[in-house]
Amino acid sequence: MMSTTVDTTRPFDAEVGRLLDLVVHSLYSEREIFLRELVANAADAIDRRRFLALSDESLALPEDASIRISVDKAARTITIADDGIGMTAEDLASHLGTIARSGTRAFTETLAEAKPEERPNLIGQFGVGFYSAFMVADTVEMISRRAGTEAAHKWSSDGRGGYRITEATRDAPGSDVILHIKADADEYLEPVRLETILRKWADHISVPIKIERDGKFQAANEGTALWRKRKSDVTEQDYTEFYRHLGHMFDEPWATIHWTAEGSIEFSALLFIPGHNPFAVTEDDRESHVRLHVRRMFITDDAKLLPGWLRFIEGVVDTEDLPLNVSREMLQATPVLARIRKALVNRVLTELKNRAKDAEAYKPFIEQFGPVLKEGIYDDNDHRTEIAALARFHSTHDDALTSLDAYIARMPEAQKDIYYITGEDAARLRASPQIEGLRAKGFEVLLLSDQIDFFWPERLATYEDKKLVHAGAAKDLFEAAETPEAMTGLVKAVQAALAEQIAEVRVSSRLTDSPAALAASAGQVDLALQRLMRRAGRASFAPKPALELNPTHPLITALIPRAEQGEDMADWASLLLDLARIQDGEAPVDPARFARLVATKVVG
């Protein structure tokens, strides 16, 4: 454990400094969220102490454990006190002096660039927690005593250069957050205003919240577990407010799933599919954080109640079939949780299937979470086909998204497989020379442009007994094009000129509009996937691609007699390769030379 010297002033971690600068100087609308954040922190501290007390009786909560809010108008202070786990001097320095989260810099940059009206939403999604106090306070103090210890310490800061930790006294474990209110924030010195905010944001927190009025503390929240209520007793407004509290959201949920499971295993669940993709602080967190409660008591948000491909879902699951002192090991091994997970996934899939029947209503969900949903086609052996049925794709049919079932329904009798092409832009894929032959036959092609699209088709392999075939591998649809005798000279000349860059030059019968196209050699990884891996810094050795020539294209037919007459084909070979690269989404190897050749060979 690190040692923290008290009664010293120390600077903030650089990331905290940047965040505080934005909070103090840039955020003036929706400032009321400071109370939501501080009360949520206090409730978490009480939940944490209650959980730890299950294995250590010395940490037991007092019977009247609560969050207490008091206002001193004369001193211009608001005090938020709790009976939670509390913090040591080391904890205060670690938690309030640094942000131990990757992605903070990206967040602060996004916040700085956002429009003023967008900033409150970003703040809520990030959950700045304690630091939001500086939106309404010019000085913030926290007096805290860790449960199980006698020593208390005070953290104080003006939110500018740094903070100070000194020794303090507190009669009982817990924390007091004291806000010295800014001159332009008088409204928050009114208890009625604070109670209104609490009713809006924290009415469903199970910990009692009290506000001092006329020397007495009075209840300020209902404190009921919304997920335990009957659906008929909960309004849409109740659901929305709880959703916003739970996920620090400001939008409306796209879907609300509330039910009680009864039978061999019993639990209550309240799940929300967000209306918008939450701001992601880190892109590498692929775990679900649905909260697990046991007999209404919060246990953890790390129980992985839903698979990674449903990680965008917020919510609460509450069961009586687990002990309150459930350990992390038990969470991984207990069959109870395995059955709950299975039931949750099935219920979510049922909800999505029902909503997918209305294409327009389903479209916003696909736009927000379609790529994440498709991760399940790759990851989930048990539900792969069901997830594939819920996914939607761009295709050559029209501009609307399509399902696999709709694709199959449109297949002409001569078409036996489902064809797709992968890349990074659907519009560019629509014009790809790789699909010219398929389109000429009247075969629809799926245009897959999300990163996960490079991987899931091979895992799925078939859908409704139809094989999924990459357009580049659909060679059996086209007659093997033997090199016409007239083209032998051109093929050899281009091959010789591009020997260092191309594995082979061959005549193609699948090109209809383009003079040339790049193609993967036998056994080679898809060229678009190779580009993606290179950009991700995961480039590996790959064989050289093949260059296919279209024997019916005017440019190729014009070059045939020139090659036969022995004309140097080096410049034309380079031009054909660069044209193929551009159509494949890559830049010419030498842009200046390419421009010069276009000007002299084609335009000239």
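This is a short walk through the structure, stop by stop, with a selection to make at each one.

**Start with confidence**

You are looking at a predicted model. Colour the chain by pLDDT before anything else: the chain mean is 85, and 84% of the residues reach 70 or more. Now select residues 99–105, where pLDDT stays under 50 and the model has 13 contacts beyond four places in sequence. Residues 117–127 are also below 50, and this stretch has 33 contacts in the model beyond near neighbours in sequence. Where pLDDT is low, the predicted coordinates should not be read in detail.

**A sheet of five strands with helices across it**

Next, show the open sheet whose 5 strands run in the order 10-11-14-12-13, with mixed pairing. Which strands stand at the edges? They are strand 10 (255–261) and strand 13 (297–300); each has a single partner strand, so one side of each is left without a neighbour in the sheet. On average, neighbouring strands here are turned by 20° against each other, direction ignored.

Zoom in on strand 11 (residues 267–273) and strand 14 (residues 314–319), which pair in the antiparallel sense over 6 bridges. For a landmark in this pair, pick leucine 270 and look at what stands opposite: valine 316 in strand 14.

Now add the helices. Helix 7 (residues 236–247) lies across strands 10, 11, 12 (291–294) and 14, and runs at about 80° to strand 11. Helix 9 (residues 335–355) lies across strand 10, strand 11, strand 12 and strand 14 too, running at about 140° to strand 10.

**A residue in helix 7**

Stay with helix 7 and select threonine 240, which lies in it. Is threonine 240 buried or exposed? Its relative accessibility is 9%, so threonine 240 counts as buried. Show side chains and you will find a polar contact of 3.2 Å between the side chains of threonine 240 and glutamate 252. Beyond its neighbours within four places in sequence, threonine 240 is in contact with Asp251, Glu252 and Pro253.

**A loop residue with positive phi**

Move to aspartate 214, in the loop between strand 8 (209–213) and strand 9 (216–219). The phi of aspartate 214 is near 50°, a positive value in a residue other than glycine. Turn on a surface here: aspartate 214 is exposed, with a relative accessible area of 82%.

**A second open sheet**

For the next stop, select the open sheet of 5 strands in the order 15-17-16-19-18, again one with mixed pairing. Its edges are strand 15 (394–395) and strand 18 (462–463); each of them has a single partner strand, so one side of each is left without a neighbour in the sheet.

What pairs with strand 18, and in which sense? Strand 19 (residues 466–470) does, in the antiparallel sense over 2 bridges. Click on threonine 462 to see lysine 467 of strand 19 standing opposite.

**Last stop: the lead-in to strand 18**

Finish at alanine 461, which sits in the loop between helix 15 (456–460) and strand 18. Alanine 461 has a phi near 65°, a positive value in a residue other than glycine. With a relative accessible area of 34%, alanine 461 is partly exposed.

Definitions and conventions
Residues numbered from 1 in each chain as written. Heavy atoms only, no water. Pairing = 2+ DSSP bridges. Helix = DSSP H or I, 4+ residues; strand = E, 2+ residues; numbered from the N terminus. Axes fitted to C-alpha atoms, helices over the stretch in contact; angles between N-to-C directions. Contact = heavy atoms within 4.5 Å. pLDDT = per-residue confidence, 0-100. Buried < 20%, exposed > 50% of the residue type's maximum accessible area, 1.4 Å probe, protein only. Polar contact = N/O pair within 3.5 Å; in protein donor to acceptor, adjacent residues only side chain to side chain.
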